[in-house]
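Got the viewer open? Let's take a short walk, one selection at a time.

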Amino acid sequence: MGLLTQLATLPLAPVRGVTWVMERVVEAAENEYYDPAPVERELAQLERQLVAGEIDEETFDRREDALLDRLDEIRRHFQGAST
């Protein structure tokens with residue numbers, strides 16, 4: 001960018017700054033949302049609860065299905081991003 005362009009677009013600098021920050025926030029939120037590690041930890045915790053007798057088989061199955069669906073969603077997201 002030339003000096004004149006920078007001077008002409010200077011009033012837009014705050015808007016560009018806010019846009020950049022918002023893009024980083026969205027990126028961080030997506031990274032957290034599509035991180036499989038918390039879902040995998042929750043699956044492991046769920047299995048420990050079943051083995052310890054803290055939950056019944058029906059509750060385990062229902063919650064496990066929801067978590068596995070979530071993992072499928074995460075995998076589809078990464079497959080779509082890589083194509």
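Start by selecting Arg 70 and Tyr 33: the charged end of Arg 70 sits over the ring of Tyr 33, 3.9 Å from the ring centre. Keep in mind as you zoom that this is a predicted model.

Stay on Arg 70 for a moment. Its home is helix α4, residues 57-82. With a relative accessible area of 16%, Arg 70 counts as buried, because the cut-off is under 20%. Now show its contacts, skipping neighbours within four places in sequence: you should get Tyr 33, Tyr 34 and Val 39.

Next, pick the two tyrosines. How are the rings of Tyr 33 and Tyr 34 arranged? The count of aromatic pairs comes to one. In that pair, the ring centres of Tyr 33 and Tyr 34 are 4.9 Å apart and the planes are at 85°, so it is edge-to-face. Colour by accessibility and Tyr 33 shows up as partly exposed at 43%, whereas Tyr 34 is buried at 17%.

Follow Tyr 34 inward. Select it with Val 39, Leu 43, Leu 46, Ile 55, Phe 60, Leu 67, Leu 71 and Ile 74, and you have the largest nonpolar core, nine residues in all. Helices α3 (36-51) and α4 each supply at least two of its residues, with the largest share, four residues, coming from α4.

Last stop: Ile 74, one of the core residues. Leaving out residues up to four places away in sequence, Ile 74 touches Tyr 33, Tyr 34, Asp 35, Pro 36 and Val 39.

Methods
Residues numbered from 1 in each chain as written. Predicted model: local features only at pLDDT ≥ 70, side-chain atom pairs only at ≥ 80, totals over all residues. Heavy atoms only, no water. Buried < 20%, exposed > 50% of the residue type's maximum accessible area, 1.4 Å probe, protein only. Contact = heavy atoms within 4.5 Å. Phe/Tyr/Trp six-rings, centres within 6.5 Å; stacked < 30°, edge-to-face > 60°. Lys NZ or Arg CZ within 6 Å of the ring centre and 35° of its normal. Core = buried A, V, L, I, M, F, W, Y, C linked by side-chain atoms within 4.5 Å.
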